[in-house]
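Let's look together at how two chains meet, and at what is packed around their contact.

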Amino acid sequence: MSTAESISVQIPEPKYRRLLRISALANIAAWIALVFFVVLAAFSILRQVDILEVTCPSIANSNDPFATLMQRLAREPWFAIQVLFDCLQYAVDGMVSFGVLKGVGLGLDMIVETDMNRRNSQTDGDHE
Amino acid sequence: MSDDFKRQIRDSFEQKETEELLALWQANNRAEWSALSFEVIAEILQDRLGEIPAQGEPCYELTKIEEKEPEVDLRDEDDPASPLYPFLCVENAPVLYRPKDVLRLERGLNCVAIAAAALSLIQWVVLFVGAIIHSHMELLPWLKMNGLSSLLGLGLVIVSAAITFVTLRALAVILKMLMQMEFRSRGIGARSGPIPS
């Protein structure tokens with residue numbers, strides 16, 4: 001199991017195939033989670049526009065809601081910090097989900113490879 | 001005590017240089033090494049030197065390990081002088097995963113663990129200060145009104161930050177251990193020593 005050229009390795013055991021399928025799913029889910037949380041971080045800024053329209057209808061300019069938001073961010077630094085940390089929280093949540101799912105995928109790959117190596121060495125020992 | 005276990009200990013000590021074994025033998029630290037280990041070291045020294053050297057007074061205190069594992073540049077995988085080379089070179093490369101990905105993810109998880117915990121705490125502080133500012137009240141009356149709930153909130157934040165931190169750090173350690181086990185299942189770890197971080 002230790003040659004790089006054996007990419008088209010045969011995985012005969014169904015349980016190995018099942019684990020590798022879960023690993024592949026975890027890898028895909030990791031990327032989906034990362035993209036999802038990045039989009040969520042972007043939406044958290046848009047949400048501030050909505051909140052602004054509800055809480056401060058007097059200053060909210062419906063023609064250009066972003067300009068209103070930027071004005072408020074510039075005027076109230078504390079509000080800007082809160083918006084920034086909201087965004088950061090989503091970004092970190094995305095990285096946590098990505099790391100955990102990637103870790104699950106890699107962990108399963110390593111478990112399968114370890115078990116296959118052990119079986120191979122046992123088979124080699126039996127033949128000798 | 002099975003012979004297998006003794007053989008395993010002997011195999012592990014056989015990897016060490018004579019000077020290193022001699023230092024262990026003379027330090028005679030019984031808190032760190034078992035009687036069986038010293039028995040094995042004596043046998044190896046007898047084989048290598050032809051005699052068993054004098055041993056120091058037994059010591060029963062644990063020595064503090066202060067040396068930190070050196071940081072390894074992951075780009076060095078093609079350099080035979082790199083400590084990572086035995087694990088990453090083509091003839092040892094595993095089929096189903098890339099060791100470099102595991103090492104990179106391990107570092108990433110450690111960083112994200114710290115970032116996530118720190119961000120949770122900072123966010124609580126931001127919300128706390130924001131609530132005081134928006135209430136337009138003095139600090140002490142505000143604390144009298146909302147002190148208990150704020151404290152409860154802080155407790156929850158600390159617990160959840162700790163859970164995230166421990167989970168991610170544990171995952172990083174587990175991944176590295178799995179990789180070491182995988183290498184050992186092919187006999188690479190025994191020849192090359194522990195995988196550098």
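Between chain B and chain A, 5 residue pairs are in polar contact, with both residues at pLDDT 80 or more; such a contact is a pair of N or O atoms within 3.5 Å, one able to donate a hydrogen and the other to accept it, and residues adjacent in sequence count only if both atoms are side-chain atoms. This is a predicted model, where local features need pLDDT of at least 70, side-chain atom pairs count only at pLDDT 80 or more, and totals for chains, interfaces and linings use all residues. Side-chain values use heavy atoms, leaving out hydrogens and water, residues are numbered from 1 along each chain as its sequence is written, and chains are lettered from A in the order in which they are written.

On the side of chain B that touches chain A, H5(B) gives the most, with 15 residues. That side divides as follows.

| Class | Residues of chain B touching chain A |
|---|---|
| Nonpolar | 23 residues |
| Polar | 5 residues |
| Charged | 4 residues |

The two chains bury about 2,800 Å² between them, 75% of it on carbon and sulfur atoms; this is accessible area (1.4 Å probe) lost on being put together, summed over both. In chain B, B:Val95, B:Leu96 and B:Leu119 lose the most area to chain A, together 23% of what that side buries.

Now for one residue: B:Leu109 touches A:Gly99 and A:Val100, and also B:Leu168, B:Leu171, B:Ala172 and B:Leu175, leaving aside residues up to four places away in sequence. Contact here means heavy atoms within 4.5 Å.

Note on methods: Helices (H or I, at least four residues) and strands (E, at least two) are DSSP runs, numbered from the N terminus. Ala, Val, Leu, Ile, Met, Phe, Trp, Tyr, Cys and Pro count as nonpolar, Asp, Glu, Lys and Arg as charged, and the others, Gly among them, as polar.
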